[in-house]
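Let's take a walk through a protein model together, one piece at a time. Keep the picture open beside you as you read.

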Amino acid sequence: MEPIVFKTASGNSYLYSPLVKALMPIARNDYEHFKSGVMDNDFLLLLRDRGYLDNYFAPLDGKISRETIEQALIQLPQIVFETTTNCNLSCSYCCYGEGYDTFDSRRTQMGSLSFQTAKCVIDYFVKIFARVPVSNAPKEPFAISFYGGEPLLNFDVVQQIVQYAESVTFNNRDLFFTMTTNGVLLAKYADFLAHHKFKMLISLDGNVYHDSYRVKHNGSASFGIVMANLEQVKVKHPQWFSTSRFNAVYTDRSDVGEVVRWFREKFNKTPNFSPLHMPTKGAKESQRIVSMVKKLVIPEAMAKDHDLVTQNPLFNRILIFTSKLFGNHVAKEYNLWDDLSTNIPTGTCVPFTKRLFVCFDGKLHPCEKVSRDIPLGEVNRNGDVIIDCSKVADQFMTQLSRAKGKCQHCYMQLCCTKCALCYSDGVCDEFTDKRRFTNLLSQAVSYIEQNPDIIQLLNDNIILK
């Protein structure tokens with residue numbers, strides 16, 4: 001990576017040194033000298049002598065070991081159970097559809113989780129957590145989560161898992177339950193979910209038009225059914241319902257202002273927006289998915305809204321740039337996060353540091369978003385949980401090594417958030433060359449110049465865990 005000079009929208013000039021991790025304003029004539037390659041003035045010569053003008057090369061030779069994986073398992077914060085692959089909806093943009101190849105294998109392997117498989121996983125972690133003596137320190141939150149398909153289609157197993165999990169002891173953990181649901185069966189099972197204080201994430205894209213890609217298998221709209229369920233639960237369990245969150249997929253039928261106003265009017269909530277990911281090139285339905293993609297833009301009037309500030313793509317870039325790229329800025333709480341990926345390719349999470357995902361068939365993965373073709377463990381036919389930590393570490397590093405060559409030439413390598421395990425073909429669609437990175441830097445710093453309170457605002461809105 002080479003040092004970069006750029007100008008902001010207001011005409012100010014800056015130098016960014018990736019080696020020193022410094023951003024500094026420079027005079028216009030220094031900018032012109034740097035761009036021309038004539039380093040003959042005192043200031044630029046001083047910068048050169050101090051290393052500011054040297055290129056940065058990251059060997060990306062960090063290695064994840066067996067001990068790293070073992071420690072991640074001991075500190076695991078969440079188990080996600082794929083309760084079933086079946087769904088009572090057939091959303092047009094579904095990531096398990098034929099617009100993406102990441103989950104090709106899942107389309108041919110459908111099924112539902114058994115309680116016995118889930119019990120084996122729970123028992124395994126009861127033993128893992130017991131390796132650490134009981135502490136008087138505040139307990140760490142520990143989530144058991146349910147995912148699908150639509151998880152409520154396998155409610156009997158959900159019920160069994162909850163009852164069993166509440167009957168065992170997770171050392172030093174504060175157990176709670178979460179679920180992602182499309183809301184079609186929410187009213188039917190709300191009494192149980194409310195009683196066990198589930199934290200619900202409800203998939204709903206907005207009003208009847210915004211939500212019109214979410215359809216039943218016969219192609220008819222699901223909006224009316226879901227709204228009737230939500231209104232019923234809102235009346236019967238108002239306090240519990242008020243803790244629910246909403247996720248709205250952002251498509252060509254979405255408008256941030258309209259969607260936010262609708263959610264606030266109906267539920268006094270602001271949704272989390274999920275951009276529709278670009279489809280896999282060459283996939284059967286890729287062109288259809290492309291036609292639905294729309295860039296997420298937060299209106300300027302809402303940009304600094306408490307519930308939207310961390311959803312703004314530009315603000316997220318400013319946050320990660322100021323906390324990862326610039327050694328002359330301290331981002332407070334953000335720097336408390338344990339960054340294990342500093343010296344390895346990509347922004348891929350170290351397996352099990354965030355969660356463990358249990359497929360319906362007992363295969364184990366680092367999360368629900370990765371390809372299912374290469375599991376990191378399994379619950380075998382004898383009911384044993386098999387996680388070979390040395391093998392997981394080696395397998396993880398082998399997969400990342402394929403990206404190393406390209407990562408070393410990417411200007412986002414110091415602040416990459418891309419998961420290499422999410423794409424079966426290993427292609428990174430966010431590779432950033434010098435020219436593109438220069439433009440991104442200019443946009444970020446231009447906004448900071450015009451809104452100097454933005455860094456403090458972002459830091460104040462960071463939520464740890």
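Strand E3, residues 22-26, is a good place to begin: four of its five residues are buried, so the strand is mostly covered, because buried here means under 20% relative accessible area, while exposed means over 50% and partly exposed lies in between (1.4 Å probe, protein chains only). Strand names like this one, and helix names too, come from DSSP runs numbered from the N terminus (H or I for helices, at least four residues; E for strands, at least two).

Before going on, a word about the source: this is a predicted model, in which local features need pLDDT of at least 70 and side-chain atom pairs count only at pLDDT 80 or more, while totals for chains, interfaces and linings use all residues. Residues are numbered from 1 along each chain as its sequence is written, and side-chain values use heavy atoms, leaving out hydrogens and water.

Now look at the partner of E3. Strand E2 (residues 13-17) runs antiparallel to E3, and five bridges join the two; strands count as paired if DSSP finds at least two bridges between them. Ser17 has Ala22 of E3 as its bridge partner, and Tyr16 stands opposite Leu23 in E3. Four residues lie between the strands in this hairpin, where Lys21 takes a positive phi near 60 degrees.

Next, step back to the whole sheet. Strands of a sheet pair through backbone hydrogen bonds, either parallel or antiparallel. Here three strands form an open sheet in the order E1-E2-E3, with antiparallel pairing. E1 (4-7) and E3 stand at the edges with a single partner strand each, so one side of each has no neighbour in the sheet. From one strand to the next, the twist averages 25 degrees.

Helix H1 (residues 28-36) packs on this sheet and touches E1, E2 and E3, where contact means heavy atoms within 4.5 Å. The direction of H1 makes about 130 degrees with that of E1; axes are lines fitted to C-alpha atoms, for helices over the stretch in contact, and angles run from 0 to 180 degrees between N-to-C directions. Helix H14 (residues 434-450) also lies across E1, E2 and E3, running at about 50 degrees to E1.

Let's finish with two cysteines. Why is Cys94 not bonded to Cys95? The two sulfurs are 5.0 Å apart, too far for a bond, because a disulfide is a pair of cysteine sulfur atoms within 2.5 Å. By this rule the count comes to zero disulfides. Cys94 is partly exposed, at 29% relative accessible area, and Cys95 is partly exposed as well, at 32%.
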